[in-house]
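Student: I would like a close look at a single residue and at whatever surrounds it, with the cut-offs stated as you go. Please keep the account connected rather than itemised.

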Amino acid sequence: MNINYRHLLGRSLVSAARSRLAAAVGVVALLVAALTGTSAGMAGAAPLRSVTAAPQAPGWVCPGTPIPEGYVITGRAPSGCNGAGAWYLQPVQDGIWTCATSPIPPGYVITLHNAVGCSGIDAWYLQLARDGQWTCAGSPIPPGYVLTGHNNAGCGNIGSWFQQLPRVGLSICPNTPVPAGYRITTFNANLCNGLGGWLLLRA
């Protein structure tokens, strides 16, 4: 009986030692994974490639570089990037000149135009949208605004539009989205510098 007891006790101790050893190996593998960035089962595999992130800005970038959200193109170097041209990125702000290739961040509109202001190509002046503001032709119409006037000679003869917040009694120009909660009626051909306009009423 004593021999069997000792035999069983010896097997239990061996099993416990093996369990502790396996647990220790597992902990070491997890620590290695945490320090090297690989999983325990992939330790011998090639590391994964990281996704290329957008460049740090402001600064010069080559064509095709992703433009971080909230940044605009404000300069151009035609000989940069081995002749492909380089663009200078800056954070957008209320009142900033941008190149024609620049994105227009949400909430901004074009209010001025310079045909050669960006090293020989068009430049646009961006401002935050406001009630009662002249914008250039091609400028986005921010949600909740309507166009109520037109000037053919505005923005360096490319045309400009007067932008307002909607209210009952305004007349809106053609191609102006009708804002939610309103409807149009009564067309007047003399409005919007001869383009015509529709009276805005509550829906």
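In which strand does Thr111 lie?

Tutor: Thr111 lies in strand 5, a strand that covers residues 108–118; strands (E, at least two residues) and helices (H or I, at least four) are DSSP runs, numbered from the N terminus. This is a predicted model, in which local features need pLDDT of at least 70 and side-chain atom pairs count only at pLDDT 80 or more, while totals for chains, interfaces and linings use all residues. Residues are numbered from 1 along each chain as its sequence is written, and side-chain values use heavy atoms, with hydrogens and water left out.

Thr111 has a relative accessible area of 10%, so Thr111 counts as buried (under 20% relative accessible area; exposed is over 50% and partly exposed lies in between, with a 1.4 Å probe and protein chains only). The side chain of Thr111 is joined to that of Gln127 by a polar contact of 2.8 Å, the term meaning a pair of N or O atoms within 3.5 Å, where within protein one must be able to donate a hydrogen and the other to accept it, and residues adjacent in sequence count only if both atoms are side-chain atoms. When residues up to four places away in sequence are not counted, Thr111 touches Tyr125, Gln127, Gln133, Trp134, Thr135, Cys136 and Cys155, with contact taken as heavy atoms within 4.5 Å.

Two of these names, Cys136 and Cys155, lead to a disulfide, with their sulfur atoms 1.9 Å apart (the criterion is a pair of cysteine sulfur atoms within 2.5 Å). The torsion about the S-S bond is about -80 degrees, so the link of Cys136 and Cys155 is left-handed. Cys136 sits in strand 7 (residues 133–136) and Cys155 in helix 2 (residues 154–157), and the pair thereby links distant parts of the chain, 19 residues apart. Both ends are buried, Cys136 with a relative accessible area of 1% and Cys155 with 14%. Leaving aside neighbours within four places in sequence, Cys136 is in contact with a list of residues that includes Thr111 itself, as well as Ile110, Leu112, His113, Trp124 and Trp161.

Cys136 and Cys155 also belong to the largest nonpolar core, whose nine residues are completed by Val72, Val92, Ile96, Tyr108, Ile110, Trp124 and Leu126; such a core is a set of buried Ala, Val, Leu, Ile, Met, Phe, Trp, Tyr and Cys residues joined through side-chain atoms within 4.5 Å. Strand 5 and strand 6 (121–128) each supply at least two residues of this core. Another core lies apart from it, of eight residues, among them Ile73, Trp87, Leu89 and Cys118. As a general tendency, nonpolar side chains in soluble globular proteins tend to be buried together.

Cys118 brings us back to strand 5, and to a further disulfide, in which Cys118 is joined to Cys99 with an S to S distance of 1.7 Å. At 60 degrees about the S-S bond, the link of Cys99 and Cys118 is right-handed. Cys99 lies in strand 4 (residues 96–99) and Cys118 in strand 5, so this pair ties together parts that are 19 residues apart in sequence. Cys99 and Cys118 are both buried.

In the whole structure, a search finds four disulfides, and with the bonded cysteines of the chain numbered in sequence order, the pairing reads 1-2, 3-4, 5-6, 7-8. One of them joins Cys173 and Cys192, the sulfur atoms being 1.8 Å apart, and with -95 degrees about the S-S bond this link of Cys173 and Cys192 is left-handed. Cys173 lies in the loop between strand 10 (171–172) and strand 11 (182–188), whereas Cys192 lies in helix 3 (residues 191–194). Cys173 is buried at a relative accessible area of 1%, and Cys192 counts as buried at 7%.

To set Thr111 in its wider context, the chain has three helices and 12 strands, and 31% of its 203 residues count as buried. Of the contacts in the chain with a separation of 6 or more, 41% are accounted for by residues 24 or more positions apart.
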